[in-house]
Amino acid sequence: MGIGKNMSETKGRVLGELREETNTNNNNNNKSRRNRRHRQRKMSPGQKLFQTCNEVFASTGPGIVPSPQNIEMLLSVLGGIKQEDVGLKPEMPFFSSNNPRRTPKITYLHIYECKEFSMGIFCLPPCGVIPLHNHPGMTVFSKLLFGTMHIKSYDWVVDLPPHMPTIVKPSSETLTPDMRLAKVKVDADFNAPCDPSILYPADGGNMHWFTAVTACAVLDVLGPPYSDPDGRHCTYYQNFPFSNYSDGLSIPEEERTAYEWLQEKEKPENLKVVVNMYSGPKIVEN
């Protein structure tokens, strides 16, 4: 009986210590979770976007699209960003043009860039244009923060039968760039507030141009960013009607307006983009 009693007392003492330790650990875990939720509530929308980009693009690269779960996470965070979250007002000088006879200059507010992704805001006065260009190997998330913008975008045609030409030479001059067939993905006006958009390396309108119907601002996230040393150049294009080179292509008449020919060209001389540093709510690199 004495041994049994001692063992019972010892077991009770040990169990009591274990319960106390478990309660302490649970309290610490609960405190940690509360602190984490508190930090997330205090985090600015811009900081939250930055940290989400860090997470989403950590395991991607050129031509590698983030997972569907990560895409949804980033779209959700980007969708919650408002103009005031990044310190923008339509009355700012970026959004006015002093000389209506000249092509308005575009202002790019640089927020952040690393090898994996970049964040920035394009500020366009009325009638400002970002001409047709591509995003090689990139996944691009965009959010119209305010204003009205016309967007026209294309993807290369890759699903026609082999006997139908999708690349043609417009002249006998060897230096003239080829024409390549593209399909119009989007051709419409967008009014803020609206959902963020996404384009992929080979889909979703990888080539696009923006025209400001009113003064507007677009928050862009590129993963990965442009890089000349890595072969990710920004290429500009001129578009031509499908009917210009339609021989040998048996596309139904009612569908032909959805196709155009694109030809590479030099960066437009009248394109003026001024780069300024972002001066909105501070974003801290972790």
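**Figure 1. The largest nonpolar core of this predicted model has 32 residues.** Welcome to the inside of the chain, shown here as a predicted model. Within this core, the residues with the most contacts are L49, M119, I121, F141 and L145. Two or more core residues come from each of these elements: the helices α2 (45–56) and α3 (68–79), and the strands β1 (106–113), β2 (118–124), β4 (139–146) and β10 (216–223). The most generous contributor is α3, which supplies five residues. As a general note, nonpolar side chains in soluble globular proteins tend to be buried together.

**Figure 2. A second core, separate from the largest one, holds 12 residues.** Among its members are F210, A212, C216 and V218.

**Figure 3. A close look at I121 and its contacts.** Which residues does I121 touch, once its neighbours within four places in sequence are left aside? They are V86, L88, T107, Y108, L109, I111, L145, A217, V218, L219 and Y278. I121 is also one of the residues with the most contacts inside the largest core.

**Figure 4. Helix α2 and its cover.** With 12 residues, α2 reaches 16 Å from its first C-alpha to its last, close to the 16 Å expected at 1.5 Å a residue. Look along this helix for its buried residues, G46, Q47, L49, F50, T52, C53 and V56. What lies over them? The cover of the buried residues of α2 includes α3, β1, β2 and β10.

**Figure 5. Strand β4 is mostly covered.** Eight of the eight residues of β4 are buried. On to its partners: how many bridges join β4 to β10? There are seven, and the two strands run antiparallel. One pair to find here is F146 with its bridge partner in β10, A217. Strand β8 (residues 197–199) is also joined to β4, by three bridges, and again the strands run antiparallel. In that pairing, F141 stands opposite I198 of β8. F141 may be familiar by now, as it is among the residues with the most contacts inside the largest core.

**Figure 6. Stepping back to the whole chain.** Three helices and 13 strands make up the list of elements in the chain. Of its 286 residues, 38% count as buried. The accessible surface of the chain comes to about 16,900 Å², and carbon and sulfur atoms account for 51% of that. How do contacts link parts of the chain that are apart in sequence? Among contacts between residues at least 6 apart in sequence, 80% join residues at least 24 apart.

Key: Residues numbered from 1 in each chain as written. Predicted model: local features only at pLDDT ≥ 70, side-chain atom pairs only at ≥ 80, totals over all residues. Heavy atoms only, no water. Core = buried A, V, L, I, M, F, W, Y, C linked by side-chain atoms within 4.5 Å. Buried < 20%, exposed > 50% of the residue type's maximum accessible area, 1.4 Å probe, protein only. Helix = DSSP H or I, 4+ residues; strand = E, 2+ residues; numbered from the N terminus. Contact = heavy atoms within 4.5 Å. Areas by Shrake-Rupley, 256 points an atom, 1.4 Å probe, with all protein chains shown as cover. Expected span 1.5 Å × (residues − 1). Pairing = 2+ DSSP bridges.
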